[in-house]
Amino acid sequence: MLQKRSELKDVQPGKWDTSVGGHVDPGENYLQAAYREMNEELGIHGLSLKLLYPSKIRNDFESENVMTYLVVYDGKICFNRTEIDEVRFWTPQEIDGALGRGILTPNFEEEWQMWLAYSAAHIL
């Protein structure tokens, strides 16, 4: 599932991105931030997150240290309408077809390549 960033966002408005993303607040660790952001952005809480891999994303606009987590959820999604315009599930083929067309954030396109490499090497 991906989220479409609000048109009001300063960074990459209106582009599709990872289902949850955010920054670590002072005093938090990556896992605490992931739980907080998952609740703030999608209204999901009380689930266990599985750490998949760390990564670094560097581009002209930002420099981020990233931890990628996986969660399986089949409940109601109440996304934050001030940050997100839409959420929807994408097939891998739909994502591949959108690469390089300005539909997805550059960070997500980079994350997608890391996910493909990870999922090819691991049983999920």
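Here is a short walk through a small sheet and two loop residues in this structure. Keep in mind along the way that the model is predicted.

Let us start with the sheet. In general, the strands of a sheet pair through backbone hydrogen bonds, in either a parallel or an antiparallel sense. Here the sheet is open and built from three strands, which follow the order β2-β1-β5 with antiparallel pairing. At its edges sit β2 and β5 (84-88), each of which pairs on one side only. If you look at β1 and β2, you will find two bridges joining them in the antiparallel sense. For a landmark at this pairing, find K4, which stands opposite W16 in β2.

Now follow the chain into the loop between β1 (2-5) and β2 (16-17), where Q12 lies. What is the sign of phi at Q12? Phi is positive there, at about 50 degrees, although Q12 is not a glycine. As background, most residues other than glycine have a negative phi. As for its surroundings, Q12 has a relative accessible area of 25%, so it counts as partly exposed, the class between 20% and 50%.

Our last stop is R101, in the loop between α2 (92-98) and α3 (106-121). Is R101 buried or exposed? Its relative accessible area is 59%, and because the cut-off for exposed is over 50%, R101 is classed as exposed. The R101 side chain also has a partner in the backbone: it reaches the backbone oxygen of G97 at 3.4 Å. That distance falls within the 3.5 Å limit for a polar contact.

Terms used
Residues numbered from 1 in each chain as written. Predicted model: local features only at pLDDT ≥ 70, side-chain atom pairs only at ≥ 80, totals over all residues. Heavy atoms only, no water. Helix = DSSP H or I, 4+ residues; strand = E, 2+ residues; numbered from the N terminus. Buried < 20%, exposed > 50% of the residue type's maximum accessible area, 1.4 Å probe, protein only. Polar contact = N/O pair within 3.5 Å; in protein donor to acceptor, adjacent residues only side chain to side chain. Pairing = 2+ DSSP bridges.
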